[in-house]
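Take a look at the model below. The paragraphs that follow lead through it step by step.

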Amino acid sequence: MEAKAVFESPLLDNHPDALFLLGEIAMFGDLSTENAVDMAVDPTTAFNYYSRAADMGHPMAQYKLAVSYASGIGAPKGARDEALAVLYFYFASLSGNVHASLALGYRHHFGRGVPKSCRSASQYYKAAAEEGA
């Protein structure tokens, strides 16, 4: 059985881990299939799954949603939204997501979507280091 079919079960419809994994499958393809070379990817569908899981507090889904908003890949109309990217990086960082803390450190260091602040950047880089980066 393909992984996608398992995670699409109605029993897992409102489970944040299942929704996150469906987002990963939509973004990168279902690697559980025999013919993984023919993987179909759909960033818009991935964005929708990440969004549902993020709304349920899934830290990695919040991070992936932030990346989508920052890059525009999968985001509504393919548009970048720096404010929403920062918001979701912040939510993920609060949950201990080291990638999000690093992203916020970078954003504060260079002023990407937030005021430039070496002090804030240092705080996020320090938090990332303490989280194991």
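A patch, as the word is used here, is made of residues with over 30% relative accessible area and no salt bridge, and nonpolar side chains are joined into one patch within 5 Å. The model is a predicted one, and in it Leu-87, Tyr-90, Phe-91 and Leu-94 form a nonpolar patch on the surface. Together these four residues have about 360 Å² of accessible area. One of them, Leu-87, is found in helix H5, which covers residues 82-94. Leu-87 has a relative accessibility of 34% and therefore counts as partly exposed.

Now consider the protein as a whole. The fold has seven helices and zero strands, and along the sequence the pattern reads α-α-α-α-α-α-α. The protein has 133 residues, of which 39% count as buried. The area that the protein exposes is about 7600 Å², and carbon and sulfur atoms supply 58% of this area. Among contacts between residues at least 6 apart in sequence, 43% join residues at least 24 apart.

How confident is the predictor, and which elements have the lowest and the highest mean pLDDT? The mean pLDDT of the protein is 89, and 85% of the residues reach 70 or more. Among the elements, helix H1 (residues 3-7) has the lowest mean value, 63, while H4 has the highest, 98.

The next topic is how parts of the chain meet. Gly-23 is found in helix H2, residues 16-28. With 0% relative accessibility, Gly-23 counts as buried. Apart from its neighbours within four places in sequence, Gly-23 is in contact with Ala-46, Tyr-49 and Tyr-50. The C-alpha atoms of Gly-23 and Ala-53 are separated by 8.9 Å, although the two residues are 30 residues apart along the chain. A second pair of this kind is Ala-127 and Ser-93, which are 34 residues apart in sequence and 8.8 Å apart in space, C-alpha to C-alpha. Ala-127 lies in helix H7, residues 118-130, and counts as partly exposed at 22% relative accessibility.

Aromatic rings also pair up. There are six aromatic pairs in the count. In one of them, the ring centres of Phe-47 and Tyr-69 are 5.2 Å apart and the ring planes stand at 90°, so this pair is edge-to-face. The cut-off behind that step is that planes over 60 degrees apart count as edge-to-face. The pair links distant parts of the chain, with Phe-47 in helix H3 (residues 43-55) and Tyr-69 in helix H4 (residues 59-71), 22 residues apart. Phe-47 is buried at 6% relative accessibility, and Tyr-69 is buried too, with a relative accessible area of 12%. Tyr-106 and Phe-110 make up another aromatic pair, this one tilted, with 4.9 Å from centre to centre and 50° between the planes. Both of these residues lie in helix H6 (residues 98-110), four residues apart, which is about one turn of the helix. Tyr-106 is partly exposed at 39%, and Phe-110 is partly exposed at 49%. Phe-47 and Tyr-69 also belong to one aromatic cluster together with Tyr-88 and Phe-91. Phe-91 is one of the residues of the surface patch as well.

Charged side chains come last. Side chains of opposite charge can pair when their charged atoms come close. How many salt bridges are there? The count comes to three salt bridges. Glu-24 forms one with Lys-64, where the closest N and O atoms are 3.0 Å apart. This pair links distant parts of the chain, since Glu-24 is in helix H2 and Lys-64 is in helix H4, 40 residues apart. Lys-64 counts as buried at 18% relative accessibility, because buried means under 20%.

Glu-82 forms a salt bridge with Arg-107, and the closest N and O atoms are 2.5 Å apart. Here too distant parts of the chain are linked: Glu-82 is in helix H5 and Arg-107 in helix H6, 25 residues apart. Glu-82 is partly exposed at 23%, whereas Arg-107 is buried at 6%. The side chain of Glu-82 also meets that of Arg-112 in a salt bridge, at 3.4 Å from N to O. Arg-112 lies in the loop between H6 and H7, so this pair ties together parts that are 30 residues apart in sequence. Arg-112 is partly exposed, with a relative accessible area of 34%. Salt bridges with shared partners thus join Glu-82, Arg-107 and Arg-112 into one network.

Notes: Residues are numbered from 1 along each chain as its sequence is written. This is a predicted model: local features need pLDDT of at least 70, side-chain atom pairs count only at pLDDT 80 or more; totals for chains, interfaces and linings use all residues. Side-chain values use heavy atoms; hydrogens and water are left out. Rings of Phe, Tyr and Trp (its six-membered ring) pair if their centres lie within 6.5 Å; planes under 30 degrees apart count as stacked, over 60 as edge-to-face and the rest as tilted. Helices (H or I, at least four residues) and strands (E, at least two) are DSSP runs, numbered from the N terminus. Buried means under 20% relative accessible area, exposed over 50%, partly exposed in between (1.4 Å probe, protein chains only). Contact means heavy atoms within 4.5 Å. Accessible areas come from the Shrake-Rupley method with a 1.4 Å probe; for residues, only the protein chains shown count as cover. Patches are made of residues with over 30% relative accessible area and no salt bridge: like charges are joined within 9 Å, nonpolar side chains (Val, Leu, Ile, Met, Phe, Trp, Tyr) within 5 Å. pLDDT is the predictor's confidence in each residue, from 0 to 100.
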